[in-house]
Amino acid sequence: MKNFKNYMFFASILLLVASCTKKEVAFSDPLVTNRDTTLNPGDNFFYYANGGWFKRNPIPSTEKSNGIFRTIGDTINSQIKQICEKSAADKDVAPGSNKQKIGDFYASGMDTIAIEKAGITPLNAELKTIETIKDVPSLMTSIAHLHTVGAGPAFSFYLSQDDKISTKYALFFSQGGLALGQRDYYFNTDKETVAIRNEYVKHLQSMVKLMGKSDEEATKSATVIMNIETDLAKASRKLEALRDPIKNYNKMSVSDFNKLTPNISWTAVLATLGAHKADSVIVGQPEFYQALNNLVKKYSINDWKNYLKWDLVNSYASYLNSAIEQQNFNFYSTVLNGVSKQKPRWKRVVAQTDGSLGELIGQVYVAEYLPKGSKEKLLEIGNNIREVYALHIQKLDWMSDATKQKALHKLNKIVMKVGYPDKWKDMSQLKIDRNSYCSNVMKANACDYNFMISKYGKAVDRSEWSMNPQTYNAYYNPSNNEIVVPACNILVPGFEGRMPDDAILYGIIGGSTFGHEITHGFDDQGSQYDENGNLNNWWTPEDLKKFQAKTKLIVSQFNKYTILDNKHINGDATQGENIADLGGVVMGFEAFKKSEQYKTKQKISNLTPEQRYFLAYGYAWMVNIKDEALASQIMTDVHAPAQFRINGPLSNSLDFYKAFNIKKTDKMFQPEALRVVIW
């Protein structure tokens, strides 16, 4: 995966490894209090495990969801707020230091008077450049330049490791340019999606007016923008089609790319992108670029100017004056996700400061907030998961010895990056001041882009991280055959000042994190990469057929799940995450079996070790979500909704059936012939 997981796991408020205080405090076991015991665990374990918490904690008007991740986010944001406020108040801070940049960035975001006064002027230089476009070559040059400053019109471009030569960086061109994010929004005919399209056109009209155009001009511009995006969407592949790494790997010389699109000089585009020495590129979806080749002539230069201006303003709407920011919120948060009220400004600015300067904040976070021993505990759990994974592979009855040896070799070579990086990214060239919030965001975006493109032609640095230690998330990178688990994933909410029992550690950290991420190396995508991170088939033909038959079973299982009465989960698009969830819960439980808690059958809060493990796994995905956001998720996300990330894999687990006495009459019961067992 080039775009790593963006959702995620579990978390906490204080230390996992902290010592208990001498004076015991009353302890309310969240595995007990979160439950809704009026429900049958075999009918819907997600609501059985978490329904009590949902009843006591409705979704706030400022949020699209509520649960473990929002609680975690609030905790982390409070810590980052302290870092930001202390940095902003420090009058003796050294110019150019991390704290100076953090403090000034945060202060500029909180200065609403200056932001209101500036209006759209921080974008004036870029808007004027767009206005100078006179023909297709200058149009493409302008599009390329906008990519270097944080916008993303017409297509997607990035640098990453070559999927087939992981020791080298490559330049990737893929489909993009859609402000609605996903092609199906432009074509689905259900009433909800049609309503969203209608609201989107109204949103375009409102935004263009806020950019200074008349009602008539805004109406015409909105129509043109919608038409351009719809044409781009027509040439875009569906979400599930983007999951095939072979079909989305089309390497060609720059001259061949030019021949594919005779109206566009990619040589000139690459020069503007900062890659003038490029001799080859990887084109994800060639048909998209053939369509773009026609669209640059189909629409007038003036039409393209309107589209580019919109894309630029849309990219920076959250950092401009209140009218633009509010209109942006009304559509993307209220219409698309059902959020009726904005978060307090400090939360929005803290989140953006962390997003733009996360590497700098991470250094302060590690020094001042991170529990000691986090790396060691994470590695302990991760290595235990790897050990049981190896035992499972050795015992597989459907895989030949030849493929087993290669699978074990790949498993053994998985690199575990935990905690925080050994070296931090150099951001010394980034200049931040208190003059303009939007300009600071633009400078940070440009800095990120320059850092990315500067790697072209250099040796791959496998020590890099793509997440910060204060980020509650994790990922598997197939090109490095590595999993990355930031430090804060060690924390478990509800266990302040005390060590969680092993059932919780292995249900959450073991199952939904390490087990999940390791399994990504063996899901429908990751399994196509070898131990060195190259797209290279290491399977025998017979074993590959057996594996694909098993993955088809999990696709079929999830295709049957429905939400909001008539919407189905996309089993094809979500299969990688579903395979990882299934592998994670299985491996977490196998590792837990080695603990003293499991061996001695120790009960805690009148729950058996097995029950606590599965309740902990349910706790890891305790997320209640608004209907609008849920509908958006199944259209745009490769992760199934939280409910099915629990009920789906557990429906395949005999250990779960035994722990909660699941019967044939229970809704989650699956006949043995339909249970999916892969790893």
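A salt bridge is a side-chain nitrogen of Lys or Arg within 4 Å of a carboxyl oxygen of Asp or Glu. The exercises below apply this term and a few others to a predicted model.

**Exercise 1. Decide why Glu-590 and Lys-593 count as a salt bridge, and say where else Glu-590 appears.**

Solution. Begin with the distance: the side chains of Glu-590 and Lys-593 meet at 3.1 Å, N to O, and because the cut-off is 4 Å, this pair qualifies as a salt bridge. Next consider exposure, where Lys-593 turns out to be partly exposed, with a relative accessible area of 25%. Finally, turn to the second largest pocket, which holds about 740 Å³ of space. Its lining is made of 30 residues, and Glu-590 is among those closest to the pocket centre, together with His-392, Val-586, Asp-655 and Val-677.

**Exercise 2. Describe which helices build the lining of the second largest pocket and what classes of residue are found there.**

Solution. First list the helices: H16 (374-395), H21 (571-592) and H26 (654-659) each supply at least two residues of the lining. Then ask which one gives the most, and the result is H21, with seven residues. Lastly, sort the lining by class, which yields 16 nonpolar, five polar and nine charged residues.

**Exercise 3. Compare the salt bridge of Glu-380 and Lys-377 with that of Lys-417 and Glu-482 by stating, for each pair, the distance, the place in the chain and the exposure.**

Solution. Take the pair Glu-380 and Lys-377 to begin with: their side chains meet in a salt bridge of 3.3 Å, N to O. Both residues lie in helix H16, three residues apart, which is about one turn of the helix. Glu-380 is partly exposed at 38% relative accessibility, whereas Lys-377 is buried at 16%.

Now take Lys-417 and Glu-482, whose side chains meet in a salt bridge of 2.8 Å, N to O. This pair links distant parts of the chain, since Lys-417 belongs to strand E6 (residues 415-419) and Glu-482 to strand E8 (residues 482-486), 65 residues apart. Lys-417 counts as buried at 9% relative accessibility, and Glu-482 is buried as well, at 2%.

To place these pairs in a wider setting, note that a search of the whole structure finds 37 salt bridges, and that Asp-29, Asp-501 and Arg-612 are linked in a network of salt bridges.

**Exercise 4. Explain why Cys-438 and Cys-447 do not form a disulfide.**

Solution. Start from the chemistry: a disulfide is a covalent bond between the sulfur atoms of two cysteines. The sulfur of Cys-447 is 16 Å from the closest cysteine sulfur, in Cys-438, and is therefore too far away for a bond. The structure as a whole holds zero disulfides. As for their surroundings, Cys-438 is buried with a relative accessible area of 2%, and Cys-447 is buried with 15%.

**Exercise 5. Work out whether Met-211 and Thr-551 are buried or partly exposed, and name their contacts.**

Solution. Locate Met-211 in the loop between helix H8 (191-210) and helix H9 (215-234); at 22% relative accessibility, Met-211 is partly exposed. Leaving out residues up to four places away in sequence, Met-211 touches Ile-120, Lys-309, Trp-310 and Val-313. The C-alpha atoms of Met-211 and Trp-310 are separated by 8.7 Å, although these residues stand 99 residues apart along the chain.

Then locate Thr-551 in helix H20 (residues 541-559); with a relative accessible area of 7%, Thr-551 is buried. Setting aside neighbours within four places in sequence, Thr-551 is in contact with Gln-575 and Ile-579.

Conventions
Residues are numbered from 1 along each chain as its sequence is written. This is a predicted model: local features need pLDDT of at least 70, side-chain atom pairs count only at pLDDT 80 or more; totals for chains, interfaces and linings use all residues. Side-chain values use heavy atoms; hydrogens and water are left out. On a 1 Å grid over the protein atoms alone, a cavity is a set of points where a 1.4 Å probe fits but cannot get out, and a pocket is an open set with protein on both sides within 12 Å along at least five of seven lines; lining residues have an atom within 4 Å of a point. Grid points are joined across faces, edges and corners, and a volume is the space filled by probe spheres set on the points. Helices (H or I, at least four residues) and strands (E, at least two) are DSSP runs, numbered from the N terminus. Ala, Val, Leu, Ile, Met, Phe, Trp, Tyr, Cys and Pro count as nonpolar, Asp, Glu, Lys and Arg as charged, and the others, Gly among them, as polar. A disulfide is a pair of cysteine sulfur atoms within 2.5 Å. Buried means under 20% relative accessible area, exposed over 50%, partly exposed in between (1.4 Å probe, protein chains only). Contact means heavy atoms within 4.5 Å.
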